[in-house]
Amino acid sequence: MSKIIALDTELTFSENELIVSRTDTAGRIQYCNQVFIKISGYNEKELLGRPHNIIRHPHMPRCIYKMMWDRISSGKEIFAYVRNLCKGGQYYWVFAHITPTFNGNGQIIGYHSNRRKPKKEAIAVIKQIYEQLLIEERKHSNRKESIDCSTRLLMDILSKEGKSYDEFILSI
Ligand SMILES: Cc1cc2nc3c(=O)[nH]c(=O)nc-3n(C[C@H](O)[C@H](O)[C@H](O)COP(=O)(O)O)c2cc1C
C-alpha cells in the first residue's frame, strides 16, 4: 500500500455517533462499524484483518500506544485521546476507551474500542502535551530510548498536575 501523505484537514463526526472496532490479540481488525468505515475512508474489505496501525497518524507520540498496550495486555482498560489518519490523508480526533475481551477462563482473546467525539477544550490541552512528547521522541534515533524518554516526560507533566494518567485524562 502506498504511503499516505498527512494533510492539515480535520474531519469530525457527530456527538451521537460511536466509532467501534474489535481486534484479535495482535491488534488486527476483526470488526469495525459503519461510522469507522465512513470516517476512515476505507471500505470493510480494506480494514478487516489489517493491523490497527493502518490509521496511525504520524503526529501521535509512540509512548501513548506503548502505555495503551501495556495496560490492555495486562487485562486493564484505558482511555486515551487519539488522532487518527484517514485513507485520504485527513485526520480526526477521538476520545477512545480500549479494553480487553476475556474468555470464560479469564484469558484475553482480543480487544475492543469505542470512541466518542472529544471536547474541543480537551483536544487543545492534549495537542500541547503530544507536541512536547513528539519533540522528545524525535531527539532519539533508538526506538526504545525515544519511548522511555517521552514516557518519563509524560510522567513529569502529570506529576506537575498532581494527577495520575487516569485522573488527568478524565479531568480535561
Ligand atoms: C482495540 C484497539 C484499538 C486501537 N485503535 C487504534 C486507533 O484508533 N488508532 C491507532 O493509531 N491505533 C490504534 N490501536 C493501536 C495500534 O494497534 C498500534 O499499536 C498503533 O497504531 C501504533 O502503531 P505502531 O506501533 O506501528 O507505531 C488500537 C489497538 C487496539 C488493540
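**Briefing: pocket, sheet and helix packing**

The largest pocket has a volume of about 450 Å³. The model is a predicted one. Its open sheet has five strands with antiparallel pairing, and α3 lies across β3, β4 and β5 of that sheet. The axes of α3 and α4 come within 8 Å.

**Largest pocket**

- The lining of the largest pocket consists of 21 residues.
- Nearest the centre of this pocket lie H52, N53, Y65, M68 and W69.
- Five elements each contribute at least two lining residues: the helix α3 (62-73) and the strands β1 (19-23), β3 (78-85), β4 (91-102) and β5 (108-116).
- By class, the lining holds 11 nonpolar residues, eight polar ones and two charged ones.

**Sheet**

- The strand order is β2-β1-β5-β4-β3 in an open sheet, and the pairing is antiparallel.
- At the edges stand β2 (29-32) and β3, each of which pairs on one side only.
- On average, neighbouring strands of the sheet are turned by 30° against each other, with direction ignored.
- Strands of a sheet pair through backbone hydrogen bonds, in either a parallel or an antiparallel manner.

**β1 and β2**

- The antiparallel strands β1 and β2 are joined by three bridges.
- Two positions illustrate the register: S21 stands opposite C32 in β2, and R22 has Y31 of β2 as its bridge partner.
- In a regular strand, side chains alternate between the two faces of the sheet.
- The hairpin formed by β1 and β2 has five residues between the strands.
- Within this hairpin, G27 takes a positive phi near 85°.

**Helix α3 against the sheet and α4**

- α3 runs at about 135° to β3 and lies across β3, β4 and β5.
- α3 also supplies at least two residues of the lining of the largest pocket.
- The axis of α3 crosses that of helix α4 (residues 120-138) at roughly 100°, and the two come within 8 Å.
- Angles of 65 to 115 degrees count as roughly perpendicular, so α3 is roughly perpendicular to α4.
- On the α3 side the contact is made by R62, C63 and I64, and on the α4 side by Y130, L133 and E137.
- Four nonpolar and two charged residues make up the contact of α3 with α4, with no polar residue.

Terms used: Residues are numbered from 1 along each chain as its sequence is written. This is a predicted model: local features need pLDDT of at least 70, side-chain atom pairs count only at pLDDT 80 or more; totals for chains, interfaces and linings use all residues. Side-chain values use heavy atoms; hydrogens and water are left out. On a 1 Å grid over the protein atoms alone, a cavity is a set of points where a 1.4 Å probe fits but cannot get out, and a pocket is an open set with protein on both sides within 12 Å along at least five of seven lines; lining residues have an atom within 4 Å of a point. Grid points are joined across faces, edges and corners, and a volume is the space filled by probe spheres set on the points. Helices (H or I, at least four residues) and strands (E, at least two) are DSSP runs, numbered from the N terminus. Ala, Val, Leu, Ile, Met, Phe, Trp, Tyr, Cys and Pro count as nonpolar, Asp, Glu, Lys and Arg as charged, and the others, Gly among them, as polar. Two strands pair if DSSP finds at least two bridges between them. Axes are lines fitted to C-alpha atoms, for helices over the stretch in contact, and angles run from 0 to 180 degrees between N-to-C directions. Contact means heavy atoms within 4.5 Å. Angles under 35 degrees count as roughly parallel, over 145 as roughly antiparallel, 65 to 115 as roughly perpendicular and the rest as oblique.
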